[in-house]
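This report looks at the surroundings of a bound ligand and then at a few local features of the protein chain. The sequence and the model are shown first.

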Amino acid sequence: MKSIQDVSFKGKRVLMRVDFNVPLDENGKVTDDTRIRESIASIQKIVNDGAKLILMSHLGRPKGKVNLSMSLEPVAEQLSKLVGKKVHFERELISEQTIKEIEKLNWGDIMLLENIRFYAGEESGDEDFSARLASLGDAYVNDAFGTAHRAHASTTIVAKYFPKDKYFGYLMDNEIVNLEKVLSSNIHPYTAIIGGSKVSTKIDIIRNLIGRVDNMIIGGGMVFTFIKALGGNIGNSLFEEDKVEEARQTILEMVAHGVNLILPADIVAADKFANDANRQIVAAGEIPDGWMGLDIGPKAIKKATEVILNSSMVLWNGPMGVFEMDNFQNGTRSVAIAVATVTNAGGYSAIGGGDSVAAINKYDLSSMMSYISTGGGAMLEYLEGLKLPGIAAIED
Ligand code: AMP
């Protein structure tokens with residue numbers, strides 16, 4: 001892998017794509033700087049080498065137009081605080097003048113460009129725009145895993161202008177190393193826990209994990225399409241009719257490959273989608289009409305916990321129920337605790353997907369996991385076995 005670890009950027013202008021897509025409050029203040037902090041290691045390395053570092057990122061969805069409510073200026077301020085030195089914010093759009101501004105920087109200085117999605121050429125991957133970006137640097141680094149599945153100008157197309165000088169930043173490196181471990185590990189027993197609302201966004205991952213994992217625990221709203229595929233009654237639970245056949249085929253594939261498929265034995269059913277709904281525990285395939293499954297039940301929790309605690313490697317993507325509502329969080333919380341426990345006992349755990357990450361944060365367990373992916377969509381596509389354009393562009 002082409003990591004920044006292996007080179008010195010002394011005397012070079014380094015153009016680095018980062019993911020500073022952080023939330024801002026109504027006064028334009030950064031409310032959560034996690035993503036900025038995650039890039040600091042790469043930033044420090046390049047600055048300490050004695051390079052001029054030019055950072056580019058998107059924020060929000062300005063759709064190719066200047067929209068100052070999505071300006072990166074507050075991010076430049078926050079980054080200045082985190083690195084303890086001034087970050088030059090380039091307010092003007094990229095032009096000949098930008099190159100002159102970069103010339104004026106001292107070695108070791110940092111410049112942050114304005115929101116890269118203010119340009120229509122970014123998301124369309126425009127060649128001319130990519131060439132203009134490339135003119136700002138002598139080397140290119142991609143440290144934005146969260147957008148690695150997008151073939152945009154700053155994430156992918158620009159890389160070809162640096163055939164000998166393109167690298168992964170530390171964050172990207174770490175994601176690739178861990179996701180490769182998830183996909184090619186020989187550690188067993190290996191358990192995947194897949195949940196969340198939609199079968200359609202997860203079924204390709206489940207299929208790609210067949211032949212790799214020993215146990216497959218399925219929960220969340222998506223489980224009802226599987227239960228329906230087996231002939232169960234699911235009441236008003238979430239359900240994707242056009243995925244039933246694929247769910248059935250996937251079950252057969254799992255059986256054929258000897259994957260131990262664990263569907264919940266019981267379900268917490270509710271009479272409405274609300275925390276104060278009436279609740280009852282029912283067998284998974286026997287949800288009464290008018291009721292909907294919003295969490296896995298106590299028997300299902302017991303089984304999932306046993307399997308997780310007997311694993312040496314765990315991949316978890318997607319909550320087991322509507323964990324945002326306290327009355328339907330038991331399944332997700334119990335799984336989170338079991339994954340943390342097995343990690344503490346020496347197992348390896350990989351967590352991904354915004355909602356599972358939100359769940360482990362809710363239960364304050366994030367420091368107990370081996371690896372938490374920073375990329376939602378990018379991680380999903382990686383686990384589906386797709387080659388991400390932002391990764392391929394550096395490796396080619
Ligand atoms: P996803 O983004 O597909 O990973 O789905 C995450 C969302 O699925 C969370 O907001 C959960 O509240 C929701 N979810 C989990 N289980 C259920 C369920 N049984 N019924 C409805 N929504 C669910």
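## Ligand site and local features

The residues that make up the shell around the ligand divide into six nonpolar, six polar and four charged. The model that carries this site is a predicted one, and in it 16 residues surround the ligand, the closest being S197, K202, G221, G293 and E324. The ligand sits in the second largest pocket.

Polar contacts of the ligand include the ones in the following table, which gives the ligand atom, the protein partner and the distance.

| Ligand atom | Protein partner | Distance |
|---|---|---|
| oxygen | S197, polar backbone atom | 2.9 Å |
| nitrogen | G293, polar backbone atom | 2.9 Å |
| oxygen | D355, N or O atom in the side chain | 3.3 Å |

Of the 500 Å² of accessible area that the ligand has on its own, the protein covers 81%. S197 and G293, whose polar backbone atoms appear in the table, are also listed with the residues closest to the ligand, while D355 takes part through an N or O atom in its side chain.

### Aromatic pairs

How many aromatic pairs does a search of the whole structure find? The search returns three aromatic pairs. One of them is formed by F9 and Y167, with an edge-to-face arrangement in which the centres are 5.5 Å apart and the angle between the planes is 85°. Because F9 lies in the segment before β1 (13–17) and Y167 belongs to strand β6 (residues 166–168), this pair ties together parts of the chain that are 158 residues apart in sequence.

### Backbone features

Two places in the backbone also deserve a careful look. The peptide bond that joins H188 and P189 is cis, with an omega of about -5°, and P189 itself is placed in the loop between α7 (170–184) and β7 (190–194). K63, although it is not a glycine, has a positive phi of about 55°; the position of K63 is in the loop between β2 (52–56) and α3 (73–83).

Terms used. Residues are numbered from 1 along each chain as its sequence is written. This is a predicted model: local features need pLDDT of at least 70, side-chain atom pairs count only at pLDDT 80 or more; totals for chains, interfaces and linings use all residues. Side-chain values use heavy atoms; hydrogens and water are left out. A residue is near a molecule or strand if one of its heavy atoms lies within 4 Å of it. A polar contact is a pair of N or O atoms within 3.5 Å; within protein, one must be able to donate a hydrogen and the other to accept it, and residues adjacent in sequence count only if both atoms are side-chain atoms. Accessible areas come from the Shrake-Rupley method with a 1.4 Å probe; for residues, only the protein chains shown count as cover. On a 1 Å grid over the protein atoms alone, a cavity is a set of points where a 1.4 Å probe fits but cannot get out, and a pocket is an open set with protein on both sides within 12 Å along at least five of seven lines; lining residues have an atom within 4 Å of a point. A molecule sits in a cavity or pocket if more than half of its atoms lie within 2 Å of its grid points. Ala, Val, Leu, Ile, Met, Phe, Trp, Tyr, Cys and Pro count as nonpolar, Asp, Glu, Lys and Arg as charged, and the others, Gly among them, as polar. Rings of Phe, Tyr and Trp (its six-membered ring) pair if their centres lie within 6.5 Å; planes under 30 degrees apart count as stacked, over 60 as edge-to-face and the rest as tilted. Helices (H or I, at least four residues) and strands (E, at least two) are DSSP runs, numbered from the N terminus.
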